[in-house]
Amino acid sequence: MSITKAILRVRERIENACARSGRSGEEVRLCAVSKFHGATAVEEAYNAGQRLFGESRVQEASGKFAGLKKTRPDIQVHLIGGLQRNKAKAAAGLFDCIQSVDRDALIDELGKLTQERGAGQAILLEMRTAEASKSGFPDADALCRAAEKALAYPELALSGLMTMAPFTNDEKAIRRAFRTLVTARNLLEARFPGRWRCLSMGMSNDFEIAIEEGATLVRIGTAIFGERDV
Ligand SMILES: *Cc1c(COP(=O)(O)O)cnc(C)c1O
């Protein structure tokens, strides 16, 4: 299937999942995860109307998107993979949103960097909602402390939460992970109102479940660009 057709098909599936759960299709943004695929693939997706992309590595994203952004100013790219401190500076200049903020030290690093640059930086806090996954704040308490820390930096625009469900066929376990994120969001919204619009959850194998559970942004790679050779 071509990338153009795959995007249409994914959008249709998003619409259907929204309709099933009484939501409007406009509530859910599609982030096309282009990691390990080249600029040509991104261009094809762009020409099919796709504007938001996700990448998991700073260097790879920089090579691909620095050029693309010059000629297509409305293209957006989010970081969805783990960020090392020594790459934070490059990341802050490149990504429209860093979704994978998963520890306090990184908040401090990004907070200071953005203050020096005097430019805003949207971030999401990543939550570990499944035993098996490695990254993310472990619970709502840790998220509350992280939110407090992030809000102390005026240039950091805290916009919501991100998670990865366990990689499994067990639908109940997947739903449980997404519900854990929604519960944390509700708690945080009560404490720090107006900062949690974005709920980034759902990938190629589980995005319809994520939409049923309240996702506002789904990150989809394989179902759009095909298998990656890694
Ligand atoms: C790779 C990746 C995705 C996309 O995964 P697919 O299964 O290819 O849709 C989504 N989110 C994160 C954090 C990823 O690393």
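In this short talk I will walk through a predicted model, going from its ligand to two of its helices, then to an aromatic pair and a few single residues.

Let me begin with the ligand. The residues around the ligand are Val33, Lys35, Ile80, Met164, Met203, Ser204, Arg219, Ile220, Gly221, Thr222 and Arg228, and you may want to find them in the structure while I speak. Three of these residues bring polar side-chain atoms to oxygen atoms of the ligand, and I will take them one by one. In Lys35, an N or O atom of the side chain is 2.7 Å from an oxygen atom of the ligand. For Ser204, the distance between a polar side-chain atom and a ligand oxygen is 2.5 Å, and for Thr222 the distance from an N or O atom of the side chain to an oxygen atom of the ligand is 2.5 Å. How much of the ligand does the protein bury? Taken alone, the ligand exposes 390 Å², and the protein buries 91% of that.

Now to the helices, starting with α6, which runs over residues 140–151. We can check its length with a small calculation: at 1.5 Å a residue, counting one less than the number of residues, the twelve residues of α6 should span 16 Å, and because the end C-alpha atoms are 16 Å apart, the expectation and the model agree. At the start of α6, a side-chain oxygen of Asp139 comes to within 3.3 Å of the backbone nitrogen of Asp141. Which residues of α6 are buried? They are Ala140, Ala142, Leu143, Cys144, Ala146, Ala147 and Ala150, and the elements that cover them include helix α5, strands β5 and β6, and helix α7.

That last element, α7, is the helix I would like to look at next. For its 21 residues the expected span at 1.5 Å a residue is 30 Å, while its end C-alpha atoms are 31 Å apart, which agrees. Here too there is a polar contact at the start, where a side-chain oxygen of Asp170 reaches to within 3.1 Å of the backbone nitrogen of Lys172. The buried residues of α7 are Ala173, Ile174, Arg175, Ala177, Phe178, Leu181, Val182, Ala184 and Leu188, and please note that Arg175 is among them. Their cover includes α6, β6, β7 and α8, so α6 helps to cover the buried residues of α7, just as α7 helps to cover those of α6.

Let me turn to the aromatic rings. A pair of aromatic rings is described by the distance of the centres and the angle of the planes. In this model the count comes to one aromatic pair. It is formed by Phe53 and Phe65, with 5.8 Å from centre to centre and 50° between the planes, and it is classed as tilted. Why does this pair tie together separate parts of the chain? Phe53 belongs to strand β2 and Phe65 to helix α3, so the pair joins parts that are twelve residues apart in sequence. Both Phe53 and Phe65 are buried.

Next come two residues of strand β4, which covers residues 97–101. Ile98 lies in this strand, and it counts as buried because its relative accessibility is 0%, where the limit for buried is under 20%. Leaving out residues up to four places away in sequence, Ile98 touches Leu79, Leu83, Ala91, Ala92, Leu110, Gln121, Ala122, Ile123 and Leu124. Ser100 is also placed in β4, and with 0% relative accessibility Ser100 counts as buried as well. Its side chain reaches the backbone oxygen of Gly81 at 2.7 Å, and, with the close sequence neighbours again set aside, the residues that Ser100 touches include Leu79, Ile80, Gly81 and Met162.

Finally, two residues that are partly exposed. Ala157 sits in strand β6, and with a relative accessible area of 34% Ala157 is partly exposed. Beyond its neighbours within four places in sequence, Ala157 is in contact with Gln121, Ala122 and Ile123. Phe36 lies in the loop between β1 and α2, and Phe36 is partly exposed too, with a relative accessible area of 34%. What is the phi of Phe36 near? The value is near 65°, which is positive in a residue other than glycine.

Notes: Residues are numbered from 1 along each chain as its sequence is written. This is a predicted model: local features need pLDDT of at least 70, side-chain atom pairs count only at pLDDT 80 or more; totals for chains, interfaces and linings use all residues. Side-chain values use heavy atoms; hydrogens and water are left out. Helices (H or I, at least four residues) and strands (E, at least two) are DSSP runs, numbered from the N terminus. Buried means under 20% relative accessible area, exposed over 50%, partly exposed in between (1.4 Å probe, protein chains only). Contact means heavy atoms within 4.5 Å. A polar contact is a pair of N or O atoms within 3.5 Å; within protein, one must be able to donate a hydrogen and the other to accept it, and residues adjacent in sequence count only if both atoms are side-chain atoms. A residue is near a molecule or strand if one of its heavy atoms lies within 4 Å of it. Accessible areas come from the Shrake-Rupley method with a 1.4 Å probe; for residues, only the protein chains shown count as cover. Rings of Phe, Tyr and Trp (its six-membered ring) pair if their centres lie within 6.5 Å; planes under 30 degrees apart count as stacked, over 60 as edge-to-face and the rest as tilted.
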